[in-house]
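Welcome! Please take a moment to look over the structure below, and then we will walk through its metal sites together.

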Amino acid sequence: MSRTSILVLELESPSWNLFMKKLRWFPQAQIEIIPCKVCGDKSSGVHYGVITCEGCKGFFRRSQSSVVNYQCPRQKNCVVDRINRNRCQYCRLQKCLTLGMSRDVLTIIQLS
Ligand SMILES: [Zn+2]
Ligand SMILES: [Zn+2]
């Protein structure tokens, strides 16, 4: 088992403190290979407490900054991936929240 896969396994359990503890042991560059937890696109760092891409970071920020009332046109079980992430804002936001994204968590790691 490589060091990278160890890091990925740890991240599967959404424990921010554990993540921060582990992070000290791994070079930041290794985070780059972990895809966005929301849509699977290439992540750009940890945003609002979750590893996400720039697109999902911006989406979550917008969803928090104004009064939004997303509606799901389907059964609230839309696929949220790189291709379909813009099709349903409701389900995308739900996935963000399920993964533990929070506006209270500042971006503390910004990869170039
Ligand atoms: Zn994403
Ligand atoms: Zn939906």
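A residue counts as buried when its relative accessible area is under 20%. Keep in mind that this is a predicted model. By that cut-off Cys 56 is buried, because its relative accessibility is 0%. Cys 36, at 4%, counts as buried too.

Both of these cysteines serve the zinc ion (ligand 1), whose donors are the SG atoms of Cys 36, Cys 39, Cys 53 and Cys 56. Along the sequence these donors are spaced C-x2-C-x13-C-x2-C. Cys 36 sits in the loop between α2 (16-23) and β1 (45-47), while Cys 56 belongs to helix α3, so this pair, 20 residues apart, links distant parts of the chain.

What holds the zinc ion (ligand 2)? Its protein donors are the SG atoms of Cys 72, Cys 78, Cys 88 and Cys 91, with the spacing C-x5-C-x9-C-x2-C. Here Cys 78 and Cys 88 link distant parts of the chain, although both lie in the loop between α3 (54-65) and α4 (89-98), 10 residues apart. Cys 78 has 18% relative accessibility and is buried; Cys 88, at 3%, is buried as well.

The two sites can be set side by side:

| Site | Donor distances | Donor angles | Arrangement |
|---|---|---|---|
| zinc ion (ligand 1) | 2.2 to 2.3 Å | 106 to 115° | tetrahedral |
| zinc ion (ligand 2) | 2.2 to 2.3 Å | 107 to 116° | tetrahedral |

For orientation, the ideal angle for four tetrahedral donors is 109.5 degrees.

Note on methods:
Residues are numbered from 1 along each chain as its sequence is written. Chains are lettered from A and ligands numbered from 1 in the order in which they are written. This is a predicted model: local features need pLDDT of at least 70, side-chain atom pairs count only at pLDDT 80 or more; totals for chains, interfaces and linings use all residues. Side-chain values use heavy atoms; hydrogens and water are left out. Donors are N, O and S atoms within 2.8 Å of the metal (3.2 Å for Na, K and Ca); water is not among the atoms, so sites may look incomplete. Four donors count as tetrahedral if all angles lie between 85 and 135 degrees; four count as square planar and six as octahedral if opposite donors are over 155 degrees apart and all others between 65 and 115; anything else is irregular. Helices (H or I, at least four residues) and strands (E, at least two) are DSSP runs, numbered from the N terminus. Buried means under 20% relative accessible area, exposed over 50%, partly exposed in between (1.4 Å probe, protein chains only).
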